[in-house]
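Colleague: I should like to go through this model with you and ask, for each term you use, what justifies it. Please set the values against the criteria as we proceed.

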Amino acid sequence: MGNWIINHGLTYFIQVVWMAINIFLFVWFFYIYELGDQYFYTRHILGSALAWARAPAAVLNFNCMLILLPVCRNLLSLLRGSLMCCGRTMRKQLDNNLSFHKMVAYMIGLMTAVHTIAHLFNMEWYYNSRQGKYDDLSRTLSDLGDEDDETYLNPFRSLSDTPSYIVFTTIAGITGVIITLCLILIITSSMEVIRRSYFEVFWYTHHLFIVFFAGLVFHGAGRIVRSQQNIGPLYNLTHCKDDLDDWGKSECPIPQFAGGFPQTWMWVIGPMVIYLCERLLRFIRYMQNVEYRKIVIRPSKVLELQLVKNGFKMDVGQYVFLNCPGISPLEWHPFTMTSAPEEDFFSVHIRSAGDWTQKLISMVEQLPEGAQGPKIGVDGPFGTASEDVFDYEVSMLVGAGIGVTPFASILKSIWYKFKESNPKLRTRKIYFYWLCRETSAFEWFADLLQVLEREMEERGMGDFLTYKLYLTGWDQSHANHVMVHFDQDTDVVTGLKQKTHYGRPNWEKEFEQVRNENPTSVVGTFLCGPAALADVLAKKCVKYSDVDPRKTKFYFNKENF
């Protein structure tokens, strides 16, 4: 339990607080509408469906206030910078921004479903009440508003009105249909299979959030749920509800009804302004000129872009969003930078993995020799968990496939720090693991590892960097080639002294080794890779951490985009 608290305690505490606020809002507003005297007559027609419609609305207001904040990348980077004086556990919460964004979205989807279903029942019961299918009190309440000095309770003002007519002719109905359709499209297109295979579909449908929030702001203006305004000590509700003949007399004045003041805009206006500023800053960055220093097509369809932009400053492991107007003026895609802060340019490695990346690589391949690449916009840089790598005495870096990119930046920066004999380098040991399916994927990164390998040996620090490369896919011809050249001093795949491993790492063995070699250290475990591997490493961090503060502790960190 102590190990679990070290790695996940604050994250789950934040989630519990968030859930507690949701539950409180639901229960509080449920009882207001279920027990409040001002809603007695409304409740008489609608029953508990009134409370089941309004309580989710309160929860929706709260979560719609939160949903935009986790995707305000500049705000998160600002917070990360301001929290540098705080503990790493606090900064780590910012790396869970997308997980929190999804969790809030699920709550919005659930509450929207409850809210919508309850209002469908409300429409049916309002309709039946207007048609005189219920008791005398329901019919009398539905008739209110037909005279000039009366206010209405039932939105069905004519016997010919139907539920469909009300839904598609009132502000609340029309906006409700629009925001529900937008939400359905946004949620369904966000599924993992669609987001990874058809990113453009995900990207464009996600921008329906603009329509969603516009409809949300105006939704409450319909004021379709109405409460009694002249309720009070002088109004004898117990007597008046049963004696309809006394309505209009001093002891039972005719009930006056009005819709509640729209409140949703007050919940969401702040985040909307923050997000608007976020998009304005992105546009300003988009307009800034970006020049190409170098363009290289690496093996296995990996494109390396070395870019220069005035005033651009980065830190290790950070990422940028790229936009190519020649492909799409609206699409922005995240890429981790592979350059080091000490270099006078920044670089990204782009693997062909979708329509956008394939089109960009095709455009570059068709360029004449020495030509500048297509116009490109850069937004960033933005902070990630990897920024904290030098805060640990010992670091385990785990990359899968192109997920090695943040660690390329880290290892380059280490090389520069050794060249400059930087006294601020706190890290004394790095374990680096790279898992790839194809041998060609190793080629573009092997040069850097060769330089580091040679540099460490020359400085007598061969033990500073321990790296292990794992090939998870191969054919028989490759296996035969390896067997023939097995006794060579360097690896046949990478040319490094460290031989490539075949298969997947035995993480039990690796964590045990790290713990034994660093019995009193704080170890940062960093992953840029799939969720399945993240689950494995997170559990190993918990298992091999010691509650004793004098012994080894593992902190898990994952890159999230």
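Modeller: Let us begin with His115. Not counting residues up to four places away in sequence, His115 touches Trp52, Ala53, Arg54, Pro56, Ala57, Leu60 and His219. Please bear in mind that the model is predicted.

Colleague: What makes these residues contacts of His115?

Modeller: The criterion is heavy atoms within 4.5 Å. Trp52, Ala53, Arg54, Pro56, Ala57, Leu60 and His219 are the residues that touch His115 once sequence neighbours up to four places away are set aside. For His115 and Ala57, which are 58 residues apart along the chain, the C-alpha atoms are separated by 6.6 Å.

Colleague: Why is His115 called buried?

Modeller: Buried means under 20% relative accessible area. His115 has 11% relative accessibility, and therefore counts as buried. His115 lies in helix H6.

Colleague: Why does His119 count as buried?

Modeller: The relative accessibility of His119 is 17%, so His119 is counted as buried; the limit is again under 20%. His119 has its place in helix H6, residues 97–130. Leaving aside neighbours within four places in sequence, His119 is in contact with Ala53 and Val225.

Colleague: Why is Arg223 called partly exposed?

Modeller: Partly exposed covers the range between the buried limit, under 20%, and the exposed limit, over 50%. The relative accessible area of Arg223 is 34%, so Arg223 is partly exposed. Arg223 sits in the loop between helix H12 (209–219) and strand S1 (226–228).

Colleague: What makes the backbone of Arg223 notable, and what is its phi?

Modeller: Phi of Arg223 is near 50°, a positive value in a residue other than glycine. Most residues other than glycine have a negative phi, and most peptide bonds are trans.

Colleague: Which two residues does a cis peptide bond join, and what is the omega value?

Modeller: The cis bond joins Gly380 and Pro381, with omega at about 10°. Pro381 is found in strand S8, residues 377–382.

Colleague: Let us turn to empty space. How large is the second largest pocket, and which residues are closest to its centre?

Modeller: The volume of the second largest pocket is about 1100 Å³. Among the 45 residues that line this pocket, Arg54, Ala57, His115, His119 and His219 are the closest to its centre. Helix H9 (residues 171–188) gives the largest share of the lining, eight residues. The lining of the second largest pocket divides into 25 nonpolar, 17 polar and three charged residues.

Colleague: What makes a space a cavity rather than a pocket?

Modeller: In a cavity a 1.4 Å probe fits but cannot get out, whereas a pocket is open. The structure holds one cavity of 30 Å³ or more, and about 140 Å³ of space lies in the largest cavity.

Colleague: Which residues line the largest cavity, and how do they divide by character?

Modeller: The lining consists of Arg73, Leu76, Ser77, Arg80, Leu94, Asp95, Asn97, Tyr319, Phe382, Gly383, Thr384 and Asn560. These residues divide into four nonpolar, five polar and three charged. Helix H4 (residues 73–82) provides the largest share, four residues.

Colleague: Next, the sheet. What is the order of its six strands, and is the pairing parallel or antiparallel?

Modeller: The six strands form an open sheet in the order S12-S11-S10-S9-S13-S14, and the pairing is parallel.

Colleague: Why are S12 and S14 said to stand at the edges?

Modeller: Strand S12 (501–502) and strand S14 (553–558) each have a single partner strand, so one side of each is left without a neighbour in the sheet.

Colleague: How do you know that S11 and S12 pair, and how many bridges join them?

Modeller: Pairing requires at least two bridges. Two bridges join S11 (residues 465–471) to S12, and this satisfies the criterion. Leu471 stands opposite Tyr502 in S12.

Colleague: How many bridges link S9 to S10, and how many link S9 to S13?

Modeller: S9 is joined to S10 by seven bridges and to S13 by six bridges, in the parallel sense. Gly399 has Trp434 in S10 as its bridge partner, while Val394 has Val523 in S13.

Colleague: What makes S9 mostly covered?

Modeller: Six of the seven residues of S9 are buried. In the whole protein chain of 561 residues, buried residues make up 48%.

Note on methods: Residues are numbered from 1 along each chain as its sequence is written. This is a predicted model: local features need pLDDT of at least 70, side-chain atom pairs count only at pLDDT 80 or more; totals for chains, interfaces and linings use all residues. Side-chain values use heavy atoms; hydrogens and water are left out. On a 1 Å grid over the protein atoms alone, a cavity is a set of points where a 1.4 Å probe fits but cannot get out, and a pocket is an open set with protein on both sides within 12 Å along at least five of seven lines; lining residues have an atom within 4 Å of a point. Grid points are joined across faces, edges and corners, and a volume is the space filled by probe spheres set on the points. Ala, Val, Leu, Ile, Met, Phe, Trp, Tyr, Cys and Pro count as nonpolar, Asp, Glu, Lys and Arg as charged, and the others, Gly among them, as polar. Buried means under 20% relative accessible area, exposed over 50%, partly exposed in between (1.4 Å probe, protein chains only).
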